[in-house]
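Notebook open, structure loaded. I'm jotting down what I look up as I go.

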Amino acid sequence: MTSRFLLSAAIVALTGLAAQPALAQFKTQGVTDTEIVIGTHMDLSGPIKSWGVPASSGMKLAVEQINAAGGINGRKIKLILEDDSYDPKKAVLQTQKLIELDKAFSIVSAMGSATTLAPMPLVQGAGLTHLFPITAAEFTFKMDPAKPEDRLKFNIFSPYYDTMRLGIKYVIEHNGIKKPCIVYQDDEMGKNFTDAYSDQLKDLKMPEATRVSFKRGATDFNSQVARMKADGCDLVALGSVVRESVGIVTAAKKLGWAPTFVVSSPSYVPDLHELGKDAAEGIYGVGQTEIFYPDTATGKVKEFIEAYRKMFGVDPNLQSTSGYDGAMAFAFYAGLAGKNLTTESLIAAMESGKVFEDIFGGAPVSFSKDNHLGVSAATIGQIKNGRWVTIAKNQSYKTEK
Amino acid sequence: MAHHVRTDYGDSDPLFPSKAAVFWYAVLIAGLIAAPYLLESYYLSQLVFIMIYAIVGVALNILSGQAGQVSIGHAAFLAIGAYFTAVAQKHGLPLVLYLPLAGVFTGIAGYLVGLPALRLHGIYLAIATLAFAFIVEEIIARWESVTNGNEGLMLPPPSLFGLKLGTEGFYYLCLLVTVLVVLAAINIIRSSTGRSFMAIRNSETAARSMGIDTARYKTTAFALSAGITGIAGSLYAHKMSFISPEMFSLSVSIDFVMIIIIGGLVSLRGAVFGAIFMIMADPLLIILKDKLPLWADVVTHGLYLPDTVTQAVQAGVSRVVNAPGLKSLIFGIIIIVFIIYEPLGLDGRWQRVKAYSKQFPLARQRSARPPRMFLKSERR
């Protein structure tokens, strides 16, 4: 019996080899006269749900507003949202579901690094666009000229590397720093920060000073802070997410040590001063958009906050804007593509160089044939009197002072 | 309990319990072979994940179910197999070579982990394997020249004999490997090695006094289990086409333990049932999420309820099914119910359903249980 099984299985395996995927072709699906289906997957119940839930809400609000205003060239957007719990395996299956069962026209603003990287070849293989994922990983926008399917991916998320580099450069140039140090989370994200740190110092012809790391989820930073204090650091770049950043600045305050701190996008959020209180005062931060506060917002941001509050019963935060911007940018470029919306016409519209500007005062977004990362500039802010105050807009580490 | 007449030593432990079983397994295999022609690749993908998880389930069954050793670090073996594959493929090794080698390499790692298992038992062994998983994750994250650290590695599609494996080709590869692994596992369990595993599980002292080299068999169990998981890791790496250290975290190891707990520790069938449950639960809940509001609509319309009620019901249903975290809740409840009411797992339930239908209408609650259990090894 065994041998018969083996034989049949082997024969089948060999015949199966003949099946080969066709060369990547751009494909259009999910567009009817009245509807455009877009799909996304975010973490709504796993470790990064504090990002996924508000981002998905922002996206839902954007879709609601776009449809209320008549849709895109008469077509309403149908958003299909799946919860991947930050599990790449689920993300792969859900992406296939979005492509094959829901016939999504595009995957827009999917979240996380591993959760977007694993399913990305599937999206490209299906000839569909993979737009504006909420991760800054290079894979999401970097193009290989030999691979035509790479033209299908676009991103508008400022890389952590860029924002950290800009922050270090700005603070060193404006505050007369002598000894810049870095404390970083020891993982993929942290590597972006340490790369930015060493590249920027090389650029400024300054020697590298103390580097200390911590593990994801660490709560005690006394030894790291004590070491940087002993080494006489006058700038500390925080390669960390909010909770750890607060832990570090609080530890410094306890030791009576007050260097200049600079944070990059993961910590450039209101929670930093809400949790850090006095210890967070004076921190510099770099991020994609200006930070808004419900009680002082004006104009379109105010309308956004009110609409969001009405729909979800809570105030929006910075994470909400990333989902909102993703859907809005999609609507902008799909609108440009005209009545004849296909994957090709969408790509042509995006590569046209037309600028998309969000309502939050973020850096303008534009793409070209050989650049699919839509943002090159960022905003610099500082915490003053317990609030982020924008001190410079449209900055980039590449531009001269 | 049915009784067989045995005329041969081989009869006491056949590969298949009955002729009917042979027939049904053949039907199953035929169905799986036909699947790519019948199903969309979304469902094919689910089957591939089920097969990969089933291979891991089989591996854990050998270790925990048969040899009675605990491991909550099997994600590490999956990672070793996956990274071995990525690196071997990068260096131009063919699939026919690196797939088995991934098993051998991981098996060696498993042997090394088995060494502390000689001294540790129960919860202490669990902690040792857990620590091992952390160490492996850490090594992968640090050894940047080989593993590309936390940034992860992209894998090109696998190719066999110069031909690129498409979705269907890869499916058949997984099917072939799964069938081979299951057959190998059945035979290991039937062999003297498998019997030694069981002896160790039931009583180490008794096993040793009967002349079983417990040290040797414990490390063998670890090596075998790790090796099989390594093969699964190789397939997993290709299926995901991207691997990074965070994909092999503790939660993955826990997933694996859940496969055998939900499926049932006592049989290899349980490993497959467990894998089906672990993979299919999520897609099923998603379908439920998409369809429930529609069904609610049909029901309310069918009852000729006023429009306001219809809308309210629909809004209510869609709010409930779209609530984030609902899936985790349902999943958690299912698992708790299982552990309390069906400790033998899905397979245990299956056996009882079968026995019930066979003995109908004479089946009684107690007839599902053997009258006396002398040893744990009577679990099959």
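I started with the weak spot in chain B: pLDDT (the predictor's confidence in each residue, from 0 to 100) stays under 50 over residues 371–375 of chain B. For that stretch the model has two contacts beyond four places in sequence, where a contact means two C-beta atoms, placed from the backbone, within 7 Å. Note to self: where pLDDT is low, the predicted coordinates should not be read in detail.

Ground rules, before I forget. This is a predicted model, so local features need pLDDT of at least 70 and side-chain atom pairs count only at pLDDT 80 or more, while totals for chains, interfaces and linings use all residues. Residues are numbered from 1 along each chain as its sequence is written, and chains are lettered from A and ligands numbered from 1 in the order in which they are written.

Confidence overall: I read ipTM 0.82 and pTM 0.83 for the model. Chain B averages a pLDDT of 84, with 93% of its residues scoring at least 70. Helices (H or I, at least four residues) and strands (E, at least two) are DSSP runs, numbered from the N terminus. Among the elements of chain B, helix H3 (residues 74–90) has the highest mean pLDDT, 94, and helix H13 (residues 307–322) the lowest, 77. Chain A averages 86, and 93% of its residues score at least 70. Its residues 12–24 fall below 50, yet that stretch has 26 contacts in the model beyond near neighbours in sequence.

Next I checked the interface. The contact takes 43 residues from chain B and 34 from chain A. Which element gives the most to the side of chain B that touches chain A? It is H7(B), with 10 residues. That side divides into 23 nonpolar, 13 polar and seven charged residues; Ala, Val, Leu, Ile, Met, Phe, Trp, Tyr, Cys and Pro count as nonpolar, Asp, Glu, Lys and Arg as charged, and the others, Gly among them, as polar.

Then the core. A nonpolar core is a set of buried Ala, Val, Leu, Ile, Met, Phe, Trp, Tyr and Cys residues joined through C-beta atoms within 7 Å; buried means 20 or more other C-beta atoms within 10 Å of a residue's own, these too placed from the backbone. The largest one has 218 residues, and B:Ile52, B:Ile55 and B:Val58 have the most contacts inside it. H2(B) supplies the largest share, 15 residues. Leaving aside neighbours within four places in sequence, I find B:Ile52 in contact with B:Cys174, B:Ala232, B:Leu235, B:Tyr236 and B:Lys239.

Over to chain A and its strand S8 (residues 235–239): five of its five residues are buried. A:Leu235, A:Ala237 and A:Gly239 point one way, A:Val236 and A:Leu238 the other. Strands pair if DSSP finds at least two bridges between them. S8(A) pairs with strand S6 (residues 180–185) of chain A in the parallel sense over five bridges, and A:Gly239 partners A:Tyr184. Four bridges join S8(A) to strand S9 (residues 260–263) of chain A, also parallel, with A:Val236 partnered by A:Phe261.

Last, the hairpin of S11(A) and S12(A): six bridges join these strands, which run antiparallel. A:Ile383 stands opposite A:Trp388 in S12(A). Two residues lie between the strands, and A:Asn385 takes a positive phi near 50°.

Key
A residue is buried if 20 or more other C-beta atoms lie within 10 Å of its own, exposed if 12 or fewer, and partly exposed in between; C-beta atoms are placed from the backbone.
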